[in-house]
Structures are given as C-alpha cells and as structure tokens.
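Me: I would like a close look at one part of this model: the ligand site. Please keep it brisk.

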Amino acid sequence: MSKKWASDKDGAFKRQVSSFKDVISPNNPVFKPAKNRYWLYVSLACPWAHRTLITRVLKGLTSVIGVSVVHWHMDDKGWRLLKGSDEKDPKFYTPAGGIASATRDHSVAHGHTLNDSTRLFEDASFDPNQQFERLSQFYFEHDPNYSARYTVPLLWDTETKRIVNNESADIIRIFNSGVFDEFVDKEYRDVNLYPSKLQSQIDDFNEWVYNNINNGVYKSGFAENPAIYESEVTNVFTHLDKVENILKKNYQELESKYSDKNSILEHYYAVGDQLTEADVRLYTTIVRFDPVYVQHFKCNFRTIRNGYPYINLWLRNLYWNHDAFKLTTDFDHIKLHYTRSHSRINPLGITPLGPKPDIIDL
Ligand SMILES: N[C@@H](CCC(=O)N[C@@H](CS)C(=O)NCC(=O)O)C(=O)O
C-alpha cells in the first residue's frame, strides 16, 4: 500500500468510500444483536473512529462491545496492534468492561511525555480475537482479494470473522439504534442521539459539516498545490464562522430561558437543545483543531480558543462535563499520530509541543 494519500491529478485530496456497510439488527440474517460478539478496532488519533468510541460510551455499550486500540503510528503497511506474544501481560489488554476502557488503560501511558521521542509501543492494545498484529489482516480475513485501504474504525464480528461495517457514520447509527437495548441499563436506553424530531436538521448539519469541516481540514492539509490549499482552507473557516453563528444563536436563546450558566450549558448543543450525533461528529474535528490542524494542516487563520468563543465554550462543555468525550480524547495519540505518520507533511517527524494546554479549562 502506498503511503501517499489518495489525490486526483490536480492534487486535491479524495477520501476513499467505505467498503463494508452492513448493519446489526434482529432482521439481519447474519449480524444479530448479541453481547460480547462484536468488537471495535479504533485509533485514538482518528476523528472518524473517535465518533464510534464516544457513541459506544454514551449508549452504555462498554460492556457489550469490546475495543482494541491501534498504535498511534501508521506506517506504510497501515495500523498496528500489539504483538500477540504480549498477551499474558494484563496491562497490554484492553478489557471490554468499564468506562475507562473506552480508551486504553491510562496507567500504561503515564510517565511518557510528548517530548519522549522514544515513545514505547505499549500505547496500543492486543487483539484478543484473532491475535492479529496488523489491521490489514482483518480486511484479508474477510476478503482475501481486498484491495482498498485498511481504515479504522472497523466493526468486527467475532463469530463469523467478518467485517460488519467500516464506516463511522453507519457504526454510530448502529450503536444508537437500540438493537443492544436488552444488554444495557435503562438510562442508556433513553439516550437517543438521532431523535426523530431533529433528524432532518441533524442530517442537514452533518452534510455540510462533513464536507467543509470534518473532511475540509484534510482537504486543506493534504492539498498538493497552493491554489487548492488556499481555496480549501478559506472554505474551512467560512464554515467555522457558520458554526460559530449557529452556536451563538443557540446560546442567546438559552440565555433568555435560563438564568444560571449550568442550566444553559446543559442545553447548549449544535442542533436543538439536546446532545445529538451532530455534536459527536463536529466535536472530533474541533477538539483536534488547535492541537493539530492549525499547524499540521495549515488551518491557521484563527484558533478555536482565540477566534471562536461560542465554539470554544461548546467544546469545553462537552469535554469537561461529559466523560464520554473526555475519556475518549487522547491528545498524545492525536498529536503523535499526525505529526509522525504523515512524513510528506512533516518529514522530520518533530511534534510541536504546544498549544498549552491541549484544551482550556471550563
Ligand atoms: N469513511 C471512513 C473514513 C475512515 C478513515 O479515513 N480512517 C483513517 C484514519 S483517520 C484511516 O484509517 N486511514 C488508514 C489509511 O488510509 O491507510 C469513516 O468515517 O469511517
């Protein structure tokens, strides 16, 4: 597999279309809802995989669907997992239960700092299902003739040894759909990130946020000629301005309803006044913006923290007031992955230490 990202002949970045798009449902002849049957393979660096981790926690699925985390470094063969021979050391294994296992065991990472350039390979987890050491092996196990990229997130069926789905937008809908309700407590059954009354607004918001912000930062960063970069980066900021105006309006409406700040924050979201998939999908780009996209993808008209007060408040509220967001956000993986895997953008692999802090306190 070439290390070069997909771009057309003019040098514009083109994202690959996901190949596996099945669902888990009682009506599906193969993929029926079950506990401990499906396993999620993610990178903590990847904004698309991050959507699935957040949704897994919000829907209480941490003891229903297991997770393995790939190492942050992606080389020319793609993502790696810890070697099976390390299986017996419990600190290398990410068990299925508990909110902390939304990510890796944090005790493993402690002691490393960002300027530790000899960062150990311990930051990944072991694959307890197939003992695979490469994400690519799942793709070939499913289809020996697979010829596209080996992307995360990957939702794997441990029973049939097949890929259920590798499209994050679908995976979060599967997690939210209620098919796992019988395995979770009532409080999680009541969580609905895609309520019918808001669906068309959410779809509309997601559509332009995806094209212009989620994928927009990649189109800016991976542009291979200045004219494309300039047009894409301008487009990113035009749409961040649009988000800022929406959030400002939402906030001002809440101010007229509630007098205390906590009540306002409890309802301060992108679409409507409740947490939805629109927040999940926007968050994973915005939380990476100042730490990575500003410098690495040259999205540097403004930072979120200094240029967008309403987006910044929305971001800090999600991060500091919601464990599902905070515990699944790993700034080390995020910074190290981009700056040390994209050697065309950053050939020396030196990771900028700032901004400090990674995210401002609330
Ligand atoms: N459409 C996919 C995109 C996933 C994706 O592009 N993942 C990247 C990481 S951020 C990846 O795994 N890339 C590996 C590669 O291109 O070789 C989704 O949203 O699930």
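Among contacts between residues at least 6 apart in sequence, what share joins residues at least 24 apart? Then, which residues surround the ligand and are closest to it?

Reply: First, the ground rules. This is a predicted model, where local features need pLDDT of at least 70, side-chain atom pairs count only at pLDDT 80 or more, and totals for chains, interfaces and linings use all residues. Residues are numbered from 1 along each chain as its sequence is written, and side-chain values use heavy atoms, with hydrogens and water left out.

Your opening question: the share is 73%. A contact here means heavy atoms within 4.5 Å. The protein has 14 helices and four strands; these are DSSP runs, helices being H or I with at least four residues and strands E with at least two, numbered from the N terminus. Of its 362 residues, 55% are buried, meaning under 20% relative accessible area, with exposed over 50% and partly exposed in between (1.4 Å probe, protein chains only).

Now the ligand. A shell of 17 residues surrounds it, each with a heavy atom within 4 Å of it. Arg15, Trp79, Arg149, Glu167 and Ser168 are the closest. By class, the shell holds ten nonpolar, four polar and three charged residues. Nonpolar covers Ala, Val, Leu, Ile, Met, Phe, Trp, Tyr, Cys and Pro; charged covers Asp, Glu, Lys and Arg; the others, Gly among them, are polar.

Three polar contacts stand out for discussion. Such a contact is a pair of N or O atoms within 3.5 Å; within protein, one must be able to donate a hydrogen and the other to accept it, and sequence neighbours count only if both atoms are side-chain atoms. Ser168 places a polar side-chain atom 2.7 Å from a ligand oxygen. Glu167 has a side-chain N or O atom 2.8 Å from a ligand nitrogen. Val152 contributes a polar backbone atom, 3.0 Å from a ligand oxygen. Alone, the ligand exposes 520 Å², and the protein buries 90% of that. Areas come from the Shrake-Rupley method with a 1.4 Å probe; for residues, only the protein chains shown count as cover.

Val152 deserves a second look. Its peptide bond to Pro153 is cis, with omega near 0 degrees. Most peptide bonds are trans. Pro153 sits in the loop between α3 and β3 (154-157). The next loop, between β3 and β4 (162-165), holds Lys161. Lys161 is not a glycine, yet its phi is positive, about 55 degrees. Lys161 is partly exposed, because its relative accessibility is 35%.
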